[in-house]
Amino acid sequence: TTNFEIVDKANGAVKHSIAVTVKEKTAESLAVISGSAKTNYFTGDAFEIGSLKLGVVYSDSPKPVEIKDTENIKYSTEPLTKSGNVVLSYVVGTKELKYTIAVTVTAVQIQNFEYTGEKITKQFYVGETFDLTDLTFRAEYNDSRKNENNLTFYDVNAKESIKPSTFLNP
């Protein structure tokens, strides 16, 4: 608390004195200003802050002040393995503020699996080698992400990935 005084310039006499309390404003919390973060992920995805804009709520006003240095909002970039919370943090002065976002993580699963190829031998005799020529396995997953060819499925050429084997007498 301090006094604010009105002084007469002519003689220096105090005409009026007002007691004034000065408070330092403090950072209280983080709040969403606009946008949203992605909340549904597949196992192995990393959290994405998306269009989420955060602000700092100070003790002198309920209206958040937008964070301009968004690179200083910290959160884990490790692959997500289970549903739970992602914690965002931001430091104002020496105070760390946190904001929590609930995320749902779904396991990646094969939706469809088939083999393709022009020449697929399904019957073999003892002593014959399993011929992998032109055999390709195609797996489609529920995560609908695109592979390097911008497709939502993955082909594996059997000849390049599986060792040939010889059928033996049972």
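**View 1. Two salt bridges turn up when the whole structure is searched.** This is a predicted model, so treat each view as a computed picture. Here's the general idea behind this view: side chains of opposite charge can pair when their charged atoms come close. One of the pairs is K38 with E48, whose side chains meet at 3.9 Å, N to O. K38 sits in the loop between β3 (27-34) and β4 (40-42), while E48 sits in the loop between β4 and β5 (53-58), so this salt bridge ties together parts that are 10 residues apart in sequence. How open are the two partners? K38 is partly exposed, at 34% relative accessibility, and E48 is partly exposed too, with a relative accessible area of 41%.

**View 2. E66 and K68 form a salt bridge as well.** Their side chains meet at 3.8 Å, N to O. Is K68 buried or exposed? K68 is exposed, with a relative accessible area of 67%. Its partner E66 comes out as partly exposed, at 32%.

**View 3. Three strands line up as an open sheet in the order β3-β5-β6.** The pairing in this sheet is antiparallel. As a reminder, strands of a sheet pair through backbone hydrogen bonds, either parallel or antiparallel. Which strands stand at the edges? They are β3 and β6 (65-66), and each has a single partner strand, so one side of each is left without a neighbour in the sheet. Zoom in on β3 and β5 and you'll find six bridges joining them. Look for V32 here: it stands opposite L54 in β5.

**View 4. The largest nonpolar core holds 21 residues.** Which of them touch the most other members? That would be F47, V56 and L88. Four elements give two or more residues to this core: β3, β5, β7 (84-92) and β8 (95-106). Now pick out F47 and check its surroundings. Leaving aside residues up to four places away in sequence, F47 touches A37, K38, Y41, Y75, S76, L80, V86, L88, I101 and V103. You've met two of those names already: K38 is the salt-bridge partner of E48, and L88 is one of the core residues with the most contacts to other members.

**View 5. Five residues make a nonpolar patch on the surface.** The patch covers about 440 Å², and its members are F4, I6, I18, V20 and V22. Where do they come from? Strands β1 (2-7) and β2 (14-20) each supply at least two of the patch residues. Take I6 as an example: I6 lies in strand β1 and is partly exposed, with a relative accessible area of 40%. To belong to a patch, a residue needs over 30% relative accessible area, so I6 at 40% clears that cut-off.

**View 6. Zoom back out, and the chain shows one helix and 11 strands.** Follow the chain along its sequence and the pattern reads β-β-β-β-β-β-β-β-β-β-β-α. How much of the chain is buried? Buried residues account for 21% of the 170 residues. The accessible surface comes to about 12300 Å², and 50% of that belongs to carbon and sulfur atoms. Finally, here's one for contacts: among those between residues at least 6 apart in sequence, 48% join residues at least 24 apart.

Definitions and conventions. Residues are numbered from 1 along each chain as its sequence is written. This is a predicted model: local features need pLDDT of at least 70, side-chain atom pairs count only at pLDDT 80 or more; totals for chains, interfaces and linings use all residues. Side-chain values use heavy atoms; hydrogens and water are left out. Patches are made of residues with over 30% relative accessible area and no salt bridge: like charges are joined within 9 Å, nonpolar side chains (Val, Leu, Ile, Met, Phe, Trp, Tyr) within 5 Å. Accessible areas come from the Shrake-Rupley method with a 1.4 Å probe; for residues, only the protein chains shown count as cover. A salt bridge is a side-chain nitrogen of Lys or Arg within 4 Å of a carboxyl oxygen of Asp or Glu. Buried means under 20% relative accessible area, exposed over 50%, partly exposed in between (1.4 Å probe, protein chains only). Two strands pair if DSSP finds at least two bridges between them. A nonpolar core is a set of buried Ala, Val, Leu, Ile, Met, Phe, Trp, Tyr and Cys residues joined through side-chain atoms within 4.5 Å. Contact means heavy atoms within 4.5 Å.
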